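Open the model in your viewer with a cartoon display and keep the sequence panel visible. The stops below go from the whole chain to a single side chain.

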Amino acid sequence: MPLLRLFVPLTLVLALACDKPTPGTPALTPPPAAIPSDEPPAPEPAPAAAAAPQEPAIAPATPEPAPAEVAAAPSGPRKVLVLGDSLAATGFGAMLEKRLDEHPDIECFRKAKSATGLARPDFYDWESEAKKAVDQRKPDLVVIIMGGNDGQDLTSKTGKGKRVAWKSDGWNDAYKARVADFLSEISADGRKVLWLGLPRTGTTSFEQKLTTIREVQSQALADFGTAGVYLDTTPFITTDAGELIDSATIGKRKAQALREEDGIHFTMAGSEFFADKVYPEVLKVLGVEDAKTEGKKPQK
């Protein structure tokens, strides 16, 4: 075929033309062969390790505060021990014990002796007797009302030695130390003390003694610390004008006299009236709410 014959020589001519150097363009020289070396070839550098991805900076977490410790709920009823002189031995002490003992969460005990106090341990040693009582009952709260018989000379436990004369310069300090010793004997971890201030009376001369005794007792309780509470009972039996309340209506009964003829001791109506005033204060110190009970608890 004529066309095929013409195409083959033309292809060969073009190929030869491409092998000739272009005028003005130097011929490419092949690179020299590598020169052999006696030294071993340097190792190729290891590829750089890929950098670990950086995590975003996170502020350290603020530690959560430890939960506040919650005091364990007391197991069983709270125990109350009432200590005192004739005010605790007679109507008022009995009424207060009854009210407290009717509470479903309270168990109340009472130890009292008339005509006693802290002035005459040679007659009745309240320090040792109270110590025995708290060791036996192990109360959560001790309620105290005493001091009406303490306006006299202070004796030692044996009754011997020098006395501290009533109204002498050293009587207040000596009596305060005696109250402090008494509190020390009945104190314990977690135990509280409620000291009831002596109720006001209708006798002027006796009130002068009681004013001194109340003041010293309150100072001793202040020094005792947070475990002790001194309760001024004056507002319970006086009017807003400061006058002594002579009679009151107790429950559904008509107004009745609150004091015996001596103007010092309570009548049964007065004992109930005073106990009704003190009762909520005892609950407050115990941290117990009032409760209405339909039936009586079993006898102790």
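Colour by secondary structure and read from the N terminus: the pattern is α-β-α-α-β-α-β-α-β-α-β-β-β-α. That gives 7 helices and 7 strands, where helices (H or I, at least four residues) and strands (E, at least two) are DSSP runs numbered from the N terminus. The model is predicted, so local features need pLDDT of at least 70 and side-chain atom pairs count only at pLDDT 80 or more, while totals for chains, interfaces and linings use all residues. Residues are numbered from 1 along each chain as its sequence is written, and side-chain values use heavy atoms, with hydrogens and water left out.

Next, show the surface. The accessible area is about 19800 Å², and carbon and sulfur atoms hold 57% of that (Shrake-Rupley method, 1.4 Å probe; for residues, only the protein chains shown count as cover). Of the 300 residues, 33% are buried, meaning under 20% relative accessible area with a 1.4 Å probe, protein chains only. Among contacts (heavy atoms within 4.5 Å) between residues at least 6 apart in sequence, 69% join residues at least 24 apart.

Hide the surface and select the sheet. This open sheet has 5 strands in the order 2-1-3-4-5, with parallel pairing; two strands pair if DSSP finds at least two bridges between them. Strand 2 (106–112) and strand 5 (228–231) are the edges, each with a single partner strand, so one side of each has no neighbour in the sheet. Neighbouring strands are turned by 20° against each other on average, direction ignored. (Axes are lines fitted to C-alpha atoms, for helices over the stretch in contact, and angles run from 0 to 180 degrees between N-to-C directions.)

Zoom in on strand 1 (residues 78–84), which is parallel to strand 2 and joined to that strand by 7 bridges. Val82 stands opposite Arg110 in strand 2.

Now add two helices. Helix 3 (residues 91–101) lies across strand 1, strand 2, strand 3 (141–145) and strand 4 (192–196), and runs at about 165° to strand 2. Helix 6 (residues 204–224) packs on the sheet and touches strand 4 and strand 5, with its direction at about 155° to that of strand 5.

For the last stop, select Val278 in helix 7 (residues 268–286). Is Val278 buried or exposed? Val278 is buried, at a relative accessible area of 0%. Leaving aside residues up to four places away in sequence, Val278 touches Phe92, Leu96, Leu196 and Phe236. Phe92 is 186 residues from Val278 along the chain, with 9.8 Å between their C-alpha atoms.

Key. Buried means under 20% relative accessible area, exposed over 50%, partly exposed in between (1.4 Å probe, protein chains only).
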